[in-house]
Amino acid sequence: MDFGFLIWYTKFYTKPDAFRIWGSPGKRGNFSFQHSDYNSFLFRKGQRMEAEKKETTVNKKRLVSAFCRLVSIDAPSFGEREMADALTEELESLGFFVEEDRAGEIYGGTAGNLYAFRKGELLGSPLLFSTHMDTVEPALGKQALLQADGRITSDGTTVLGADCMAGTAALLEALRELLEEGKPIRDLELLFFIGEEKHLRGSAVFDFSKVKARESYILDLSGPVGTGAFQAPTLAEFTIEVYGKAAHAGFAPEEGIHAVAIAARGIARMELGHVGEEITVNVGAIEGGGRTTNIVPEYCRLMGEVRGFSHERVLEQAKKIEELFREEAGKAGGTVKMICEIPIHAYTTPKDHESVKRFRRACEKLGLPGILKKTFGGSDQNNLSLHGIHGLVLASAMEQVHSCREYTEVSALIRLTELIKALLEEGRQTESL
């Protein structure tokens, strides 16, 4: 696959301070740069768009064009077919064996998870890198705009898709450059999951028995490059159904059991927001009642969640919520049914784990901060940890994600590519000692 791109300065179609970066209509997968000098891509009216603090060996032209190519592919959750095909073609060109599972069939989707393996030249267990293929909505018809300050944004009507295509583009570029440089590396395993934006549905059904690696890096976190999340929460999603008794609100309200009132009293008793330092509780939706004002409502449903770094404490908090709603329903003569699902399980990667040590050494080499943090968001690392594969979720050049204000920066893409290369090279150096 040629990941080059046409770059058009479209003064008639875009804001005057932006370039539109896109592929030729109807010819996805067949693109080429039209500028003979990539510097023209980084200048506007003689002004440098981006100043690098130090020299880099990263092929910026190819990196940015690959990112924009990936962004242009529509890949909503469970509609990742074109993305899977594009990645398979690219990975095979890099010498990887690629296998697609049947996860798409489970969810009625168009594609499955991708597992890729490349035999390395050095001894040692494989390293695992992973991203996800799907993009949160609104994501159809995405277009990448290079702004004068070096940011890449959408046109404001969709997300950009830097989550998770920034990490994917950087990973592919890092691998290509290491192969071009002829540097030996260890065995590599790559995973590209479907349905991550739907609470990790793709990785939830993946057969991890085929994975040999025990160190992982997930390219799916906001924040400065050089940041890694070593801890993430359990998420418990609950639905509470409250059943009362209908009655005429004017003639005999005392004969009714007000389901909405029961729900309201239950919510009023809940601890919402932060519950201590490591638990959060939220009620995000409530619905029910009748279609008219003259009936005491007999039914109400509310939906919420509990998050926390302790799996046991999350379950305890969910149980407390159920109990207090049962108490309120009992006082009024109603009943309650609670359904609780756990799509995400908490994990903590020990700070002395080899994946953390490798990350810190690579960051030190590049002059990056090497920050370790907790995150209240889930990622596919949650499911990897359940199967004994421990690692970090790395900040991957994506900001204001899950919004139409999402953006990445060329400089951040370069730093991320450098970090991935350093992680791979650091592994090579460690094995050769």
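In the predicted model, helix 1 and helix 4 are oblique to each other, because an angle of about 140° falls outside the ranges that count as roughly parallel, roughly antiparallel or roughly perpendicular. Helix 1 spans residues 60–71, and its axis lies 9 Å from that of helix 4. The crossing in which helix 1 passes helix 4 is right-handed. On the side of helix 1, the contact involves Arg62, Leu63, Ala66, Phe67, Leu70 and Val71. These residues meet Ala162, Met165, Ala166, Thr168, Ala169, Ala170, Leu172, Glu173, Arg176, Glu177 and Glu180 of helix 4. Divided by class, the contact of helix 1 with helix 4 comprises 11 nonpolar residues, one polar residue and five charged residues.

Helix 4 (residues 162–180) also packs with helix 2 (residues 81–93), here at an angle of about 15° and with the axes 11 Å apart. Helix 2 is thus roughly parallel to helix 4, and the crossing of the pair is left-handed. Helix 2 contributes Met83, Leu87, Glu90, Leu91 and Ser93 to the contact, while helix 4 contributes Met165, Thr168, Leu172 and Arg176. Five nonpolar, two polar and two charged residues make up this contact of helix 2 with helix 4. Met165 of helix 4 appears in the contact with helix 2 and in that with helix 1. Helix 4 further contains cysteine 164, and the peptide bond that joins aspartate 163 to cysteine 164 is cis, with omega near 20°.

Salt bridges were then considered. The count for the model comes to 28 salt bridges. One of them is formed by lysine 421 and glutamate 181, whose closest N and O atoms are 3.0 Å apart. This pair links distant parts of the chain, the two residues being 240 residues apart. Lysine 421 belongs to helix 10 (residues 410–432), whereas glutamate 181 is in the loop between helix 4 and strand 12 (188–193).

An open sheet is formed by five strands in the order 16-17-18-15-19, with antiparallel pairing. Strand 16 (273–274) and strand 19 (335–344) occupy the edges; each has a single partner strand, so one side of each is left without a neighbour in the sheet. At one edge, strand 16 runs antiparallel to strand 17 and is joined to strand 17 by two bridges. Histidine 274 has threonine 280 of strand 17 as its bridge partner. The two strands form a hairpin with four residues between them, and glycine 276 in the turn has a positive phi of about 75°.

Further into the strand order, nine bridges join strand 17 to strand 18 in the antiparallel sense. Within strand 18, glycine 304 is the residue opposite valine 283. Strand 15 (residues 234–243) pairs with strand 19 over eight bridges, again in the antiparallel sense. Phenylalanine 238 has cysteine 340 of strand 19 as its bridge partner.

Helix 6 and helix 7 both lie across strands of this sheet. Helix 6 lies across strand 15, strand 17 (279–288) and strand 18 (299–308), and runs at about 20° to strand 18. Helix 7 lies across strand 15, strand 17, strand 18 and strand 19, and runs at about 165° to strand 19. Helix 6 (residues 259–269) and helix 7 (residues 311–332) also pack with each other, at an angle of about 140° and with their axes 9 Å apart. The two helices are therefore oblique to each other, and their crossing is right-handed. The contact draws on Ile262, Ala263, Arg265, Gly266, Ile267 and Arg269 of helix 6. From helix 7, Leu324, Phe325, Glu327, Glu328, Ala329, Lys331 and Ala332 take part. By class, the contact of helix 6 with helix 7 has seven nonpolar residues, one polar residue and five charged residues.

Two further backbone features are located in loops. The peptide bond from glutamate 137 to proline 138 is cis, with omega near 0°; proline 138 is in the loop between strand 9 (127–132) and strand 10 (144–147). Glutamine 400, although not a glycine, has a positive phi of about 50°. This glutamine is in the loop that lies between strand 22 (390–395) and strand 23 (407–409).

Technical notes
Residues numbered from 1 in each chain as written. Predicted model: local features only at pLDDT ≥ 70, side-chain atom pairs only at ≥ 80, totals over all residues. Heavy atoms only, no water. Axes fitted to C-alpha atoms, helices over the stretch in contact; angles between N-to-C directions. Parallel < 35°, antiparallel > 145°, perpendicular 65-115°, else oblique. Left-handed = near helix turned anticlockwise from the far one by under 90°. Contact = heavy atoms within 4.5 Å. Nonpolar A, V, L, I, M, F, W, Y, C, P; charged D, E, K, R; others polar. Pairing = 2+ DSSP bridges. Salt bridge = Lys/Arg side-chain N within 4 Å of Asp/Glu carboxyl O.
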